[in-house]
Amino acid sequence: MTRPIDLLAPLLSYRDWRDGAAVWLVFLVFILLPVGRMSELPVLILAIAGGVLLYRARGDLFEDPGQRLFARLFLLIWLPMLLALPTAVQLAHSAKDVLLFPRFYLAGVFVVHALRPPHRCRLLLRLAGLMLAFWLVDAIIQAIVGVDLFGHAYVPQRLNAVYGERHLDFGVALPTLAPLLLYPLRRRPVWFLLAAVITGVIVLLAGSRGGWVSYAVVLGVLGLAWLRRHRPGIQAIAMAMTVAIAGVVAVVALSPDLQQRMKTTAKLFSGDWQQMDEATAYRLTIWQVAGRMIADQPITGVGVAGFRYGYPHYAGEGDPFIVAGSEVGAFYAHQIVIQVLSETGLVGLAGLIAFYVLWGRSWQQATPTSRLRMAPFGLAALAWLFPFNSHASFYGSQWALLLWLLLALYCSGWRTAQPRPA
């Protein structure tokens with residue numbers, strides 16, 4: 001069995017430390033995610049480096065298939081944002097967000113270029129795995145003691161660990177990044193199961209139902225891959241599912257906060273509109289308002305970040321997000337398809353669908369060796385981008401920087417045996 005010290009040994013290699021300066025800069029983005037906007041600093045440095053690289057290399061840079069893939073994925077999202085500006089309800093705010101959005105592309109250009117060497121990718125995964133292991137330890141301490149290693153108190157119904165007490169994003173960030181910990185352990189069954197179970201318990205206690213779905217996607221994909229590889233019998237599968245269900249029931253039984261969360265979630269099946277709306281934290285009300293926006297501006301929407309400014313105009317009487325004297329309502333639609341439709345219209349939806357199609361085809365066309373490189377980052381991106389879930393803001397900088405970083409890392413390993421597209 002692999003000892004813990006054996007997993008740390010490669011990090012002590014001088015060659016890895018010296019040769020991986022770009023890796024450490026990318027890792028700094030992950031480290032600073034819980035600190036909020038500070039993660040923008042390494043992204044800015046990466047964007048400047050990407051801009052210089054783009055200027056110096058010019059057309060030669062796009063000889064790399066990963067760069068071409070990343071550029072196409074980005075344009076499918078960014079061009080509709082640009083086209084939505086003429087109908088934006090708050091032009092100045094939308095223009096700022098749209099014109100600053102290419103910083104994620106420039107940062108990605110550098111990441112795709114710098115992370116091509118396999119050993120750099122391996123170093124990043126080791127670092128990310130250690131970071132996530134620390135997150136889990138910190139969360140366990142907070143769950144048991146009530147305060148984490150940084151002095152952050154347990155938020156009722158929301159274990160939030162390193163993310164503190166204000167921005168309740170831990171329950172989404174952990175399942176999104178979980179593949180960076182779990183995928184490298186997939187061939188070590190004991191370590192994988194231990195990490196998967198602990199992560200699952202913490203995700204449950206974090207209380208984000210969108211995070212529960214994201215983690216289910218991660219385990220579902222890894223589980224299907226394992227089944228395809230090992231082809232176990234029906235009895236073994238049934239036993240594993242029984243153990244998993246029993247584990248979830250045990251965790252719920254031991255956590256009053258989680259029991260309350262489950263009771264609230266159960267209202268989704270009540271058949272009563274008001275109770276269902278409360279169970280979704282009034283998402284149904286938000287989606288109703290979004291539907292009116294879409295009907296009014298179907299082609300290009302109300303503009304990126306225009307949702308909050310257009311909301312009061314489309315909201316009904318007694319809307320819980322309308323505060324007297326405020327000019328804004330709910331900040332975003334909390335669902336990727338609805339947000340894209342309401343803020344960038346049918347043009348944005350067409351771009352999003354093309355994005356998913358291109359992304360899926362890139363996986364099908366990749367060589368087996370490339371897939372090993374791409375899988376953890378692609379699965380992490382899918383955990384967030386899974387369309388049948390609730391979401392944080394797709395265009396918001398906090399999540400956009402993480403998503404485009406993951407997609408850049410995915411593209412850095414993309415190689416195809418097929419002829420180069422015309």
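This note goes through the nonpolar cores, the aromatic pairs, the charges over rings, the cysteines and one serine of a predicted model.

1. The nonpolar interior is a good place to begin. The largest nonpolar core of this model has 109 residues, and those with the most contacts inside it are F30, W135, F170, L177, F394 and W404. Helix α19, which covers residues 397–412, gives the most to this core, contributing 13 residues. Apart from this core lies another, made of eleven residues, and A290, M293, F307 and A333 are among them. As general background for a first reading, nonpolar side chains in soluble globular proteins tend to be buried together.

2. What does W404 touch, once residues up to four places away in sequence are left out? The neighbours of W404 are then F70, L73, F74, I77, F101, F104 and F355. Some of these names return in the next point, where ring pairs link F70, F74, W78, F101, F104, Y105, F355, Y356, W359, W404 and Y410 into a cluster.

3. The structure holds 22 aromatic pairs, and one of them is formed by F74 and F101, whose ring centres are 5.8 Å apart and whose planes stand at 25 degrees, so the pair is stacked. Planes under 30 degrees apart count as stacked, which is the cut-off needed to follow that step. F74 lies in helix α5 (residues 65–83), while F101 lies in the loop between α6 (91–100) and α7 (102–114), so the pair ties together parts that are 27 residues apart in sequence. Both rings belong to buried residues, since F74 has a relative accessibility of 3% and F101 has one of 2%.

4. A second pair is formed by W359 and Y410, with ring centres 6.3 Å apart and planes at 80 degrees, so this pair is edge-to-face. W359 belongs to helix α17 (residues 336–365) and Y410 to helix α19, so the pair ties together parts that are 51 residues apart in sequence. Are W359 and Y410 buried or exposed? Both W359 and Y410 are buried.

5. Rings also take part in arrangements with charged side chains. The charged end of R186 sits over the ring of Y183, at 3.9 Å from the centre of that ring. In another place R308 lies over the face of F331, and here the distance to the ring centre is 4.4 Å.

6. How many disulfides does a search of the whole structure find? The search finds zero disulfides. In general terms, a disulfide is a covalent bond between the sulfur atoms of two cysteines. For C121, the closest cysteine sulfur is that of C411, and it is 13 Å away, which is too far for a bond; the cut-off for a disulfide is 2.5 Å between the sulfur atoms. C121 is buried, with a relative accessible area of 4%, and C411 is buried too, with a value of 0%.

7. The last point concerns S397, which has its place in helix α19. With a relative accessible area of 18%, S397 counts as buried, because buried means under 20%. The side chains of S397 and R37 are joined by a polar contact of 3.5 Å. Not counting residues up to four places away in sequence, S397 touches R37, E40, R103 and F104, and F104 also appears in the list of residues that W404 touches.

Key: Residues are numbered from 1 along each chain as its sequence is written. This is a predicted model: local features need pLDDT of at least 70, side-chain atom pairs count only at pLDDT 80 or more; totals for chains, interfaces and linings use all residues. Side-chain values use heavy atoms; hydrogens and water are left out. A nonpolar core is a set of buried Ala, Val, Leu, Ile, Met, Phe, Trp, Tyr and Cys residues joined through side-chain atoms within 4.5 Å. Buried means under 20% relative accessible area, exposed over 50%, partly exposed in between (1.4 Å probe, protein chains only). Helices (H or I, at least four residues) and strands (E, at least two) are DSSP runs, numbered from the N terminus. Contact means heavy atoms within 4.5 Å. Rings of Phe, Tyr and Trp (its six-membered ring) pair if their centres lie within 6.5 Å; planes under 30 degrees apart count as stacked, over 60 as edge-to-face and the rest as tilted. A charge sits over a ring if NZ of Lys or CZ of Arg is within 6 Å of the ring centre and within 35 degrees of the ring normal. A polar contact is a pair of N or O atoms within 3.5 Å; within protein, one must be able to donate a hydrogen and the other to accept it, and residues adjacent in sequence count only if both atoms are side-chain atoms.
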